[in-house]
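Please find below some notes on the model we discussed. They are in numbered points, to be read with the structure open.

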Amino acid sequence: MEENRVGSAANTDMKNMMRDALILFAITLISGLMLGLVYQVTAQPRREQQERKIREACQAVFAQAEKFEEVSYTPNEALAQQLAGDGVKIGTVYQAFDSADCLVGYVIETTSGEGYGGNITLYAGITNDGIVNGVSILTISETPGLGMRAEEVLVPQFAEKQATGFTYTKTGSQSDNEIDAISGATITTKAVTNAVNGAVSAFVQDLRKGGM
């Protein structure tokens, strides 16, 4: 009798465990299906929001352009080595077109991995004439009150200047290709300058020549 009771209890425990496992499986399955459904429903709005952000960022550095089209671009071997030495990577590249559907320049995404607080990513707009149309910082995590002033202090200094490469100075710029450093934030200044120079190099060495 004792063995029967033990066996019955074991069977009951096994049934309870199987029932609980099936319930857990059903809950997991239903949750997964619901998450998948939500993802599908929100995919289009998220995609549209991302595209809108990209357009706004491109427009910020190329206000006269009417539309932007992403293009496939890989830096030439020599440039890739140069960029790597400066801690810079080229990201997405867009062609900028005017209202007559004529190519007027490029928007080039670059990232410097040598910011004081980490990566600094920006867009640089460069016209077909080789002028830096504008620069917009997308991500930055520098020291508040110092490096975080890059958008305010550094960005305006690049606009409307010939895309021939920039240097930074702590003693006041004496020429168009010199950028006044942020006081107390030389590392940030260098990272931003290198990132812009990466975009300039991509344009001068490849994009202006039609190499993509």
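Where is the place of Glu160?

1. Glu160 is placed in the loop between α4 (155-158) and β6 (161-162). The model is a predicted one, and in it Glu160 has a phi near 65 degrees, a positive value in a residue other than glycine. Most residues other than glycine have a negative phi. With a relative accessibility of 56%, Glu160 counts as exposed.

2. Asp101 also has a positive phi, about 65 degrees, although it is not a glycine. Its place is the loop between β2 (88-97) and β3 (103-115). Asp101 has a relative accessible area of 47% and is partly exposed. Gly87, just after α2, takes a positive phi of about 70 degrees.

3. Next, the overall layout. The chain has 5 helices and 8 strands. Along the sequence they follow the pattern α-β-α-β-β-β-β-α-α-β-β-β-α. Of the 212 residues, 35% count as buried. The accessible surface of the chain comes to about 12,400 Å², and carbon and sulfur atoms hold 55% of that surface. Among contacts in the chain with a separation of 6 or more, 55% are between residues 24 or more positions apart.

4. How many salt bridges does a search of the whole structure find? The search finds 3. Lys67 and Glu69 meet through their side chains in one of them, at 3.3 Å from N to O. The side chain of Lys67 also meets that of Asp101, at 2.9 Å from N to O. Lys67 lies in strand β1 and Asp101 in the loop between β2 and β3, so this pair ties together parts that are 34 residues apart in sequence. Lys67, Glu69 and Asp101 are thus linked in a network of salt bridges.

5. On the accessibility of that network, Lys67 is partly exposed at a relative accessible area of 32%. Glu69 is partly exposed too, at 35%. For Asp101 the value is 47%, again partly exposed.

6. A further salt bridge joins Glu152 and Arg149, with the closest N and O atoms 3.7 Å apart. Glu152 is exposed, with a relative accessible area of 54%, while Arg149 counts as partly exposed at 31%.

7. Strand β1 (residues 67-71) also holds Glu70. Is Glu70 buried or exposed? Glu70 has a relative accessible area of 58%, so it is exposed. Leaving aside residues up to four places away in sequence, Glu70 touches Thr92, Val93 and Tyr94. From Glu70 to Ala96 the C-alpha distance is 9.1 Å, across 26 residues in sequence.

8. Which residues does Thr188 touch, not counting residues up to four places away in sequence? They are Tyr116, Ile120, Ile140, Glu142, Gly147, Ala150 and Leu154. Thr188 is placed in helix α5 (residues 186-205). At 2% relative accessibility Thr188 falls under the 20% limit, so it counts as buried.

9. A nonpolar patch on the surface is formed by Phe25, Leu29 and Leu33, which together have about 340 Å² of accessible area. Leu33 is found in helix α1 (residues 2-61). An α-helix has 3.6 residues a turn, so residues three or four places apart point the same way. The relative accessible area of Leu33 is 58%, which makes this residue exposed.

10. At the start of helix α2 (residues 77-85), Asn76 has a side-chain oxygen that reaches to within 3.1 Å of the backbone nitrogen of Ala78. The glycine with positive phi raised in point 2, Gly87, comes just after this helix.

11. Last, the cysteines. How many disulfides does a search of the whole structure find? The search finds 0. Cys58 counts as buried, at 1% relative accessibility, whereas Cys102 counts as partly exposed, at 39%.

Methods:
Residues are numbered from 1 along each chain as its sequence is written. This is a predicted model: local features need pLDDT of at least 70, side-chain atom pairs count only at pLDDT 80 or more; totals for chains, interfaces and linings use all residues. Side-chain values use heavy atoms; hydrogens and water are left out. A polar contact is a pair of N or O atoms within 3.5 Å; within protein, one must be able to donate a hydrogen and the other to accept it, and residues adjacent in sequence count only if both atoms are side-chain atoms. Helices (H or I, at least four residues) and strands (E, at least two) are DSSP runs, numbered from the N terminus. Patches are made of residues with over 30% relative accessible area and no salt bridge: like charges are joined within 9 Å, nonpolar side chains (Val, Leu, Ile, Met, Phe, Trp, Tyr) within 5 Å. Accessible areas come from the Shrake-Rupley method with a 1.4 Å probe; for residues, only the protein chains shown count as cover. A salt bridge is a side-chain nitrogen of Lys or Arg within 4 Å of a carboxyl oxygen of Asp or Glu. Buried means under 20% relative accessible area, exposed over 50%, partly exposed in between (1.4 Å probe, protein chains only). Contact means heavy atoms within 4.5 Å. A disulfide is a pair of cysteine sulfur atoms within 2.5 Å.
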